[in-house]
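Welcome to the tour! Keep your viewer open and your selection tool ready, and we will go from stop to stop together.

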Amino acid sequence: MGQKRDSGLVPQPPSLCSQDDREVNAMADTRIPPTEVGAAAARIELVGLTKRFITPKGDPFTAISDVTLTVEPGQFCAIVGPTGCGKSTTLAQVSGLEQPSAGTVRVGGQLVQGVTRGVSYMFQADSLFPWKTVLQNVMTGPVLTGTPKRQATPLALDWLRRVGLSGFEDRYPHQLSGGMRKRVAMAAALINEPRILLMDEPFGALDVQTKAIMQTELLQLWEQLRPSVLFITHDLDEAVALSDRVVIMTSSPGTVKDVFDIDLPRPRGDVQDIRHEPHFQELQGRIWSSLKDEVDRAYRQTAAAA
Ligand SMILES: Nc1ncnc2c1ncn2[C@@H]1O[C@H](COP(=O)(O)OP(=O)(O)OP(=O)(O)O)[C@@H](O)[C@H]1O
Ligand SMILES: [Mg+2]
């Protein structure tokens, strides 16, 4: 993906986090009462969204074309599609970090024309501040939005406890494992109690076991706060296990090909367990049938361009 989104530039500060493979149940007694479902969440509406770039050679290039999609308040929506189809580009338009070439993005009914308030964005690349400690990283959002440090500190400590990282407050990101950094990032994103959470392949680089733990943790935290989520992944199991809705994008230029409603009951519990349910496998199979043609087409496009 383009370097622009790897820069650490965030609409609301990124979060850092986490401890190696601490058990998920470390958070069990730290839950806050669920907020009224969707009370703070915002609807995301994309209509005819198109983004064109100028390539380094000066040619116009359409990354996404006529993307129309609604995420209801409090809904967890996954986007899957072949590499290069425009998933990260779509998220960047929702965040307001980029402006669409055509079409509109509305968040909570308001047209997005600059950095969108109430949005936390976990980038595809690690986006912790390397010069800040774990605690300082998690505090960044509240401090930037005017919360005095004496209030932000206990808040950040509480979020570190929720993600199982108590005791790691004084570490720097390079002193953490990849899974721990993702936990810090989740804490830093969720401490802002966002209306919208944008997650771009947040667990893509993790090993299978850590990924499963992180997915279960994310679901627990999301069920407490219930922001609207746009979650990009290449992992269909992950998309089905976490989401209310899975959107398939076509190969480049990306547009919406199919939308699948995931009617698995919530709370979903441990994502490792639901993967074995017959309905899960049936949904996964239907989604793969839709996606595989696009993956093949993207591969042929890349081969032809080479
Ligand atoms: N700033 C830019 N200038 C020119 N082209 C860009 C820019 N940003 C993205 N692109 C192009 O837009 C297309 C979509 O990129 P994007 O990063 O959105 O893909 P993606 O679906 O997120 O891919 P991946 O799954 O590999 O992360 C790619 O061909 C990419 O090269
Ligand atoms: Mg991407």
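In which sense, right-handed or left-handed, does α2 pass α3 in their crossing? Before you look, keep in mind that this is a predicted model.

**Stop one: two helices**

Select residues 134-144 for helix α2 and residues 149-162 for helix α3. Turn the view until you can see both, and you have your reply: α2 passes α3 in a right-handed crossing. The axes of the two helices come within 9 Å and cross at roughly 120°. Since angles over 145 degrees count as roughly antiparallel and 65 to 115 as roughly perpendicular, this crossing makes α2 oblique to α3.

Now show the side chains where the helices meet. On α2, pick Val134, Leu135, Val138, Met139, Pro142 and Val143. On α3, the contact is made by Lys149, Ala152, Thr153, Leu155, Ala156, Trp159 and Leu160. Try colouring them by class: this contact has 11 nonpolar residues, one polar and one charged.

**Stop two: the sheet**

Next, find the four strands that form an open sheet, in the order β2-β1-β4-β5 with antiparallel pairing. At its edges lie β2 (60-71) and β5 (110-111), each pairing on one side only.

Move inward and select β1 (residues 44-54) with β4 (residues 102-107), which pair in the antiparallel sense over five bridges. For a single bridge, click Leu46 and look across to its partner in β4, Val105.

**Last stop: a helix on the sheet**

Finally, select residues 87-95, helix α1, which packs on the sheet and touches β1, β2 and β4. Look along β1 as well: the direction of α1 makes about 115° with that of β1.

Key
Residues numbered from 1 in each chain as written. Chains lettered and ligands numbered in written order. Predicted model: local features only at pLDDT ≥ 70, side-chain atom pairs only at ≥ 80, totals over all residues. Axes fitted to C-alpha atoms, helices over the stretch in contact; angles between N-to-C directions. Parallel < 35°, antiparallel > 145°, perpendicular 65-115°, else oblique. Left-handed = near helix turned anticlockwise from the far one by under 90°. Contact = placed C-beta atoms within 7 Å. Nonpolar A, V, L, I, M, F, W, Y, C, P; charged D, E, K, R; others polar. Pairing = 2+ DSSP bridges.
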